[in-house]
Amino acid sequence: MQIHNLVDLGWSHYFQSQLDLKSLESQLPFRVVAVQRNLIECVGLDSENQQKNLQLSTYYWRDEPPEGRPAIGDWLLVDLDFQPLRILERKSLIKRRSAGRESSVQLIASNIDTVFIVTSCNDEFSINRIERYLSIAAESNIHCVVVLTKIDLCSDTRPYFEAISHDHPNLQVEMVNATDAPSLCALKKWIEPGQTVALLGSSGVGKSTIINSLKGNQDQTTAAVRESDSKGRHTTTSRSLHCLPGGGLLLDNPGMRELQMIDTEEGIKTAFSDIDSLAKKCRYKNCRHTTEPGCAVIEQIKAGRLEQRRLDNYHKLLSEQIRNNESLAERRYNDRALGRFYKNALKSSRRFKSRE
Ligand SMILES: Nc1nc2c(ncn2[C@@H]2O[C@H](COP(=O)(O)OP(=O)(O)OP(=O)(O)O)[C@@H](O)[C@H]2O)c(=O)[nH]1
Ligand SMILES: [Zn+2]
């Protein structure tokens, strides 16, 4: 990608205001465009205003907790020798519990303006999953748009659209054929110059195809979908930030199997604000909305004004994030306890030596 000014990369007043006059002379902002195991790739301008691509070792951040390490989309300040100084305060952050058994936080994307929740008109479609993404985005106040792909392969797209608008009447939905560039025109209003959009969605729904069609080339590999289970093969392996010809940036999140929630209580309450405000009218403050008398939530379900599915999903997501927060807190506690153990062991061995 060719960069002529920082706005092309998403620079805005929000970040500018974090720099004082002195740092403007001696520090350069670079945007993180890819994060690999040992390398952080960044793009910015050097002191002559020429585009510069930087590769920094992750070694600089070896002692930082996960949230203190650069994420894709971050703005990094470097000195005139291109040595990293600090990460600028983030406008938004999408994170999840690390995949696998390890209980730790994984940063997915930073400084995102809009999330495209990408889902396809086939049996991959799930309102519960859409609500999971809505909660994660709401936690960081990120605007969401649902992008329904593969409309060209579906004889009747209405049930998909109606399933969303029934439960989320204010949510914007765009129906596209991701392989056909003109059909993606409606998406462009969210990808104005300087805007960063992250694509979230299961593997095979068409995230890379959307990016390729918007970029007008084919540099992001796509693979054919297995017909039997309508799941795509994992084709792209790492996350990357793409600049579009007309400005605007797109972040692909390939091969995402699951976004396990962590620290998302507020986001869930925002995404389910109808249930949250009903809950305030329940007779008991700690009502779990199951069998309690005077439960305003159950009343609405009985009256047919709220779906049991939504309440179940609300409970499921809330308890998932509580569970993940607890296991993370436990791990942090154990890490600290282990640290204390080593420190004490070291101290007593020194004491022992000095007595010798
Ligand atoms: N006909 C049609 N095919 C589509 C559409 N969107 C995606 N495809 C096809 O579906 C397959 C998978 O699309 P990808 O863009 O690779 O999916 P992805 O979401 O990037 O998948 P991961 O990289 O694994 O996360 C490719 O063969 C695409 O050509 C669409 O709207 N219509
Ligand atoms: Zn209740």
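What follows is a walk through the predicted model, from its overall layout down to a few individual residues.

Some ground rules come first. Residues are numbered from 1 along each chain as its sequence is written, while chains are lettered from A and ligands numbered from 1 in the order in which they are written. Since this is a predicted model, local features need pLDDT of at least 70 and side-chain atom pairs count only at pLDDT 80 or more, whereas totals for chains, interfaces and linings use all residues.

The protein has 9 helices and 13 strands (DSSP runs numbered from the N terminus, with H or I over at least four residues for helices and E over at least two for strands). Its C-alpha atoms fill a box of roughly 75 × 55 × 45 Å along the principal axes. Of the 356 residues, 34% are buried; that label takes 20 or more other C-beta atoms within 10 Å of a residue's own, with 12 or fewer making it exposed, anything in between making it partly exposed, and C-beta atoms placed from the backbone. Contacts are called when two such backbone-placed C-beta atoms lie within 7 Å. Among contacts between residues at least 6 apart in sequence, 64% join residues at least 24 apart.

The domain assignment, which is automatic or taken from a database, gives domain 1 (6-90), domain 2 (95-252) and domain 3 (265-337). Where domains 1 and 2 meet, 16 residues of domain 1 are in contact with 19 residues of domain 2. Strand 1 (residues 27-35) supplies the largest share of the domain 1 side, at 3 residues.

Strand 1 also belongs to an open sheet of 5 strands, in the order 3-2-1-4-5 with antiparallel pairing (two strands pair if DSSP finds at least two bridges between them). Strand 3 (51-57) and strand 5 (84-87) sit at the edges, each pairing on one side only. Strand 1 and strand 4 (residues 75-79) pair over 5 bridges, and Arg-31 has Trp-75 as its bridge partner in strand 4.

Helix 5 (residues 207-215) is largely enclosed by the rest of the structure, because 8 of its 9 residues are buried. Those buried residues, among them Ile-210, Ile-211 and Leu-214, pack against strand 8 (114-120), strand 9 (143-149), strand 11, strand 12 (240-243) and strand 13 (249-252). Just after the helix, Gly-216 takes a positive phi of about 80°.

Two of the buried helix 5 residues, Thr-209 and Ser-213, are touched by Thr-179, leaving aside residues up to four places away in sequence. Thr-179 is in the loop between strand 10 (172-175) and strand 11 (196-200), and counts as partly exposed because it has 17 C-beta neighbours inside 10 Å. Lys-150 is 29 residues from Thr-179 in sequence, but their C-alpha atoms are 8.5 Å apart.

Further along the chain, an unreviewed UniProt entry places a "binding site" feature at Cys-282, Cys-287, His-289 and Cys-295; such annotations may be inferred rather than shown by experiment. Cys-282 is in the loop between helix 7 (273-279) and helix 8 (296-302), and so is His-289. Cys-282 has 19 C-beta neighbours inside 10 Å and therefore counts as partly exposed, whereas His-289, with 20, counts as buried. Beyond four places in sequence, the contacts of Cys-282 include Cys-287, His-289 and Cys-295. With the same exclusion, His-289 touches Ala-279, Cys-282, Cys-295, Val-297, Ile-298 and Leu-311.
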